[in-house]
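Student: I have a structure open and would like to talk it through with you, starting wherever you think is sensible.
Tutor: Gladly; let us look at it together.

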Amino acid sequence: MSVIVPLNIMSQDAIEHLLDAAFGHDRHGRTAYLIRDGMPWLPELSFGIEDEKGRLIGSLQSWPVALTHEDGGQTPLSWSAPSPSTRPPRAPAMAAP
């Protein structure tokens, strides 16, 4: 049975392996990574899913972000990013009749 655990108890290597498997080794060039560059994720709002053998099989990481208004004021937000260890298979493309 899988269990939800605080993500910060998992090793950084396990987290990186999971994210590479889910999003590829080139994931750091994606917009989501560029937006949160240099910003640590929020441990109190980030969770992992362990399988019955204690392996990390999914995660939900949250980062602080802010919406900046024209007057310079900011509204704090949270950015959550789920990361499954495996993606469901995609259905093959259907040819037009």
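Tutor: I would start at Tyr 33, which, leaving aside its neighbours within four places in sequence, is in contact with Leu 19, Arg 27 and His 28. Please keep in mind throughout that this is a predicted model.

Student: Which core does Tyr 33 sit in, and who else is there?
Tutor: Tyr 33 belongs to the largest nonpolar core, which has 10 residues, the others being Val 5, Leu 7, Met 10, Ile 15, Leu 18, Leu 19, Trp 41, Leu 56 and Trp 63. Both α1 (12-23) and β3 supply at least two residues of this core, and the largest share, three residues, comes from α1. In soluble globular proteins, nonpolar side chains tend to be buried together.

Student: And Arg 27, is that buried or exposed?
Tutor: Arg 27 counts as buried, because its relative accessibility is 1%, which is under the 20% limit.

Student: What does its side chain pair with?
Tutor: The side chain of Arg 27 meets that of Glu 16 in a salt bridge at 2.4 Å, N to O. Arg 27 lies in the loop between α1 and α2 (31-35) while Glu 16 is in helix α1, so this pair ties together parts that are 11 residues apart in sequence. Arg 27 also forms a salt bridge with Asp 20, where the closest N and O atoms are 2.9 Å apart. Glu 16 itself counts as partly exposed, at 27% relative accessibility.

Student: How many salt bridges are there in total?
Tutor: The count comes to three, and one of them joins Asp 51 to Arg 55, with the closest N and O atoms 2.7 Å apart. In that pair Asp 51 counts as buried at 9% relative accessibility, whereas Arg 55 is partly exposed at 45%. As for the others, Glu 16, Asp 20 and Arg 27 are joined into one network by salt bridges that share partners.

Student: Switching topic, what's the overall layout?
Tutor: Read along the sequence, the pattern is β-α-α-β-β-β, which amounts to two helices and four strands. Of the 97 residues, 25% count as buried.

Student: How do the strands β1, β2 and β3 pair up?
Tutor: β1 and β2 run antiparallel and are joined by four bridges, with Glu 50 in β2 as the bridge partner of Val 3. β2 and β3 also pair in the antiparallel sense over four bridges, and there Phe 47 stands opposite Leu 60 in β3. These two strands form a hairpin with five residues between them, and Gly 54 in the turn has a positive phi of about 85°.

Student: Which residues of β2 are on its covered face, and which are not?
Tutor: Gly 48 and Glu 50 make up the covered face, while Phe 47 and Ile 49 make up the uncovered one. In a regular strand the side chains alternate between the two faces of the sheet.

Student: What do Phe 47 and Ile 49 form on the surface?
Tutor: Together with Ile 4, Ile 57 and Leu 60 they form a nonpolar patch, with about 400 Å² of accessible area in total. The elements giving two or more residues to this patch are β2 (47-50) and β3 (56-68). Ile 4 is placed in strand β1 and counts as exposed, because its relative accessibility is 66%.

Student: One last thing, what does Leu 67 touch?
Tutor: Leaving aside its neighbours within four places in sequence, Leu 67 is in contact with Gly 73, Gln 74, Thr 75 and Leu 77. The C-alpha atoms of Leu 67 and Leu 77 are separated by 7.0 Å.

Conventions: Residues numbered from 1 in each chain as written. Predicted model: local features only at pLDDT ≥ 70, side-chain atom pairs only at ≥ 80, totals over all residues. Heavy atoms only, no water. Buried < 20%, exposed > 50% of the residue type's maximum accessible area, 1.4 Å probe, protein only. Patch = residues over 30% accessible without salt bridge, like charges linked within 9 Å, V, L, I, M, F, W, Y side chains within 5 Å. Areas by Shrake-Rupley, 256 points an atom, 1.4 Å probe, with all protein chains shown as cover. Salt bridge = Lys/Arg side-chain N within 4 Å of Asp/Glu carboxyl O. Core = buried A, V, L, I, M, F, W, Y, C linked by side-chain atoms within 4.5 Å. Contact = heavy atoms within 4.5 Å. Pairing = 2+ DSSP bridges.
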